[in-house]
Amino acid sequence: MFYIGCHLSLTGGYLNMGKVAKSIGANAFQYFTKNPRGRSSKEADPADVAALAAFLKEEGFAPPLAHAPYTYNPSSADERIREYTVTSMRGELEFLEALPGSLYNFHPGNHVGAGAEEGIRRTAALLNEIMFEGMSTTVLIETMAGKGTEIGRTFEEVQSIIEQVEPRFRDNVGVCLDTCHVSDGGYDIAGDTDAVVDEFDRVIGLDRLHAIHLNDSKNPLGAHKDRHEKIGDGTIALDGITSIITNPKIMHLPFYLETPNEVEGYAREIAMLREIRKD
Ligand code: FE
Ligand code: FE
Ligand code: ZN
């Protein structure tokens, strides 16, 4: 089964996202836990959320992927930013219990000069603060492009965060691999998908990989930029995208598009990718 979907807006509510996804041939989707207008999951209508949970089960969707806002910085040393990040992320994880089996993706953030090791330590400490026993959500660390002082560019950095998470929470920690980010980060996922997947397996372990952000990139391998491109129009190109979605070790995972598109553009990309996969 090919699980493919895209980023959708929460503006129309929870059940609406499931319906929009279905209408464009998707069986997966991602959304921001707070939309840019500041509406947050706290204001969600419980009946709407429950209706989405039932819809996803009935339609056989992949787990919904909640993406933490970019305004959070889990590796920040600034007490005010840290406090805001902890409170917000903890609240979102509590909320997500209403959508059982959710994935919750976040950017490990920027160390802002304190060094990667310190940023990694802070991010892991934050996870130990916000996670709780018995939670049904899997928290995903996103692989980053290495722009500025971003941490999480290398698989080794991602793995060191996981290793510093308390063992009692570790089963609920995983990774979301962003194809644009890893290419910008210097991993040749377009040219040699197998080698990058095997490297991920060696350093982190493929059992930790729960989701793929499927994006083309505007920039060349190792550019450390993070500018997403439409599928087939970037440096990963259709050949690279094809080898990613047909790689036998990762093709069972859900793929989420975050390409620069409106809903109609996503519908076209999903149709094109389904044509390649044929399953
Ligand atoms: Fe992201
Ligand atoms: Fe991403
Ligand atoms: Zn990105």
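This passage describes a zinc site and a helix pair in a predicted model.

The zinc ion (ligand 3) is coordinated by three side chains, with His 181 and His 228 each contributing NE2 and Asp 226 contributing OD. The coordination distances run from 2.0 to 2.3 Å. Along the sequence, the donor residues of the zinc ion (ligand 3) follow the spacing H-x44-D-x1-H. The two histidines link distant parts of the chain: His 181 lies in helix H6 (residues 179-184) and His 228 in strand S9 (residues 228-229), 47 residues apart. His 181 has a relative accessibility of 1% and therefore counts as buried. His 228 is also buried, because its relative accessible area, 18%, falls under the 20% limit. A second metal accompanies this site, the iron ion (ligand 1), at 5.2 Å from the zinc ion (ligand 3).

The helix pair consists of H8 (residues 237-245) and H9 (residues 263-277), whose axes come within 10 Å of each other. The axes cross at roughly 60 degrees, so H8 and H9 are classed as oblique to each other. The crossing of H8 and H9 is right-handed. On the H8 side, the contact is made by Leu 238, Ile 241, Thr 242 and Ile 245. The H9 side contributes Met 272, Leu 273, Ile 276 and Arg 277. Of the residues in the contact between H8 and H9, six are nonpolar, one is polar and one is charged. The polar residue is Thr 242 and the charged residue is Arg 277.

Note on methods
Residues are numbered from 1 along each chain as its sequence is written. Chains are lettered from A and ligands numbered from 1 in the order in which they are written. This is a predicted model: local features need pLDDT of at least 70, side-chain atom pairs count only at pLDDT 80 or more; totals for chains, interfaces and linings use all residues. Side-chain values use heavy atoms; hydrogens and water are left out. Donors are N, O and S atoms within 2.8 Å of the metal (3.2 Å for Na, K and Ca); water is not among the atoms, so sites may look incomplete. Helices (H or I, at least four residues) and strands (E, at least two) are DSSP runs, numbered from the N terminus. Buried means under 20% relative accessible area, exposed over 50%, partly exposed in between (1.4 Å probe, protein chains only). Axes are lines fitted to C-alpha atoms, for helices over the stretch in contact, and angles run from 0 to 180 degrees between N-to-C directions. Angles under 35 degrees count as roughly parallel, over 145 as roughly antiparallel, 65 to 115 as roughly perpendicular and the rest as oblique. A crossing is left-handed if the near helix is turned anticlockwise from the far one by less than a right angle, and right-handed if clockwise. Contact means heavy atoms within 4.5 Å.
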